[in-house]
Amino acid sequence: TLIKNHDLVVTEELRSKNMLKNHALAMSIADVGWRTFLEMLTYKAELYGRQFITVNPKNTTQTCHDCGFVRGTGSTKKLTLADREWTCPKCHVHHIRDHNAAQNILTKGIAKLA
Ligand SMILES: [Zn+2]
């Protein structure tokens, strides 16, 4: 359904080795089988003539989608997994963590198309 209903799907590249170091995420990643999921998206995209792209996950969570500010630079701290929402210290836009990251992932994917 994801592939059928969208011309372009973008995800972060596989990084389960790093993420499995985080105990809180380890179980959910093991359950979902991220690698298998990405393989399914790849072959379904070929089947339906859609585009599926993976991007480097670096800073997708820490970057403000509105102004490009990166958390952890200057005097700011990086967001932790507990930080579900945040306000950009530079442009003061309020973000829902995962929505902001999704926008950054999509932007990186579109940039790869060019
Ligand atoms: Zn900002």
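In strand β2, Phe52 is the bridge partner of Val9. That pairing belongs to a set of 5 bridges joining β1 to β2, and the two strands run parallel. The model discussed here is a predicted one. Of the 5 residues in β1, 4 are buried, so the strand is largely enclosed by the rest of the structure.

Thr11 offers a view of these surroundings from within β1. Its relative accessible area is 9%, which lies under the 20% limit, and Thr11 therefore counts as buried. Beyond its neighbours within four places in sequence, Thr11 is in contact with Trp34, Leu38, Leu41, Phe52, Ile53, Thr54, Val55 and Ile105. Phe52, already met as the bridge partner of Val9, thus appears again among the contacts of Thr11. For the strand as a general element, side chains alternate between the two faces of the sheet when the strand is regular.

Ile105, another contact of Thr11, leads to helix α4, which covers residues 97-113. This helix has 17 residues and reaches 25 Å from its first C-alpha to its last, close to the 24 Å expected at 1.5 Å a residue. Within α4, the buried residues are Arg97, Asn100, Ala101, Asn104, Ile105 and Gly109. The elements that cover them include β1 (8-12), β2 (51-55), β3 (85-87) and β4 (94-96). The contact between Thr11 and Ile105 accords with the presence of β1 in that cover.

The zinc site is the next point of interest. Four cysteines supply the protein donors of the zinc ion, namely Cys64, Cys67, Cys88 and Cys91, each through its SG atom, and these atoms lie 2.3 Å from the ion. Around the zinc ion, the 4 donor atoms subtend angles of 105 to 114°, and the arrangement is tetrahedral because every angle falls between 85 and 135 degrees. As a general reference, the ideal angle for four tetrahedral donors at a metal is 109.5 degrees. Along the chain, the donors follow the spacing C-x2-C-x20-C-x2-C. Cys67 is placed in the loop between β2 and β3, whereas Cys88 is in the loop between β3 and β4, so this pair ties together parts that are 21 residues apart in sequence.

The donor residues may also be described by their accessibility. Cys64 is buried, at 1% relative accessibility, and Cys88 is likewise buried, with a relative accessible area of 1%. Cys67, by contrast, counts as partly exposed at 29%, and Cys91 is partly exposed at 28%. How many disulfides does the model contain? The count comes to 0 disulfides.

The loops that carry Cys67 and Cys88 also hold two residues with notable backbone angles. In the loop between β2 and β3 is Asn59, whose phi is positive, at about 65°, although the residue is not a glycine. Asn59 is partly exposed, with a relative accessible area of 24%. In the loop between β3 and β4 is His92, a residue other than glycine whose phi is also positive, near 65°. His92 counts as exposed, because its relative accessibility of 58% is over the 50% limit.

Conventions: Residues are numbered from 1 along each chain as its sequence is written. This is a predicted model: local features need pLDDT of at least 70, side-chain atom pairs count only at pLDDT 80 or more; totals for chains, interfaces and linings use all residues. Side-chain values use heavy atoms; hydrogens and water are left out. The expected span of a helix is 1.5 Å times one less than its number of residues. Buried means under 20% relative accessible area, exposed over 50%, partly exposed in between (1.4 Å probe, protein chains only). Contact means heavy atoms within 4.5 Å. Donors are N, O and S atoms within 2.8 Å of the metal (3.2 Å for Na, K and Ca); water is not among the atoms, so sites may look incomplete. Four donors count as tetrahedral if all angles lie between 85 and 135 degrees; four count as square planar and six as octahedral if opposite donors are over 155 degrees apart and all others between 65 and 115; anything else is irregular. Two strands pair if DSSP finds at least two bridges between them. A disulfide is a pair of cysteine sulfur atoms within 2.5 Å.
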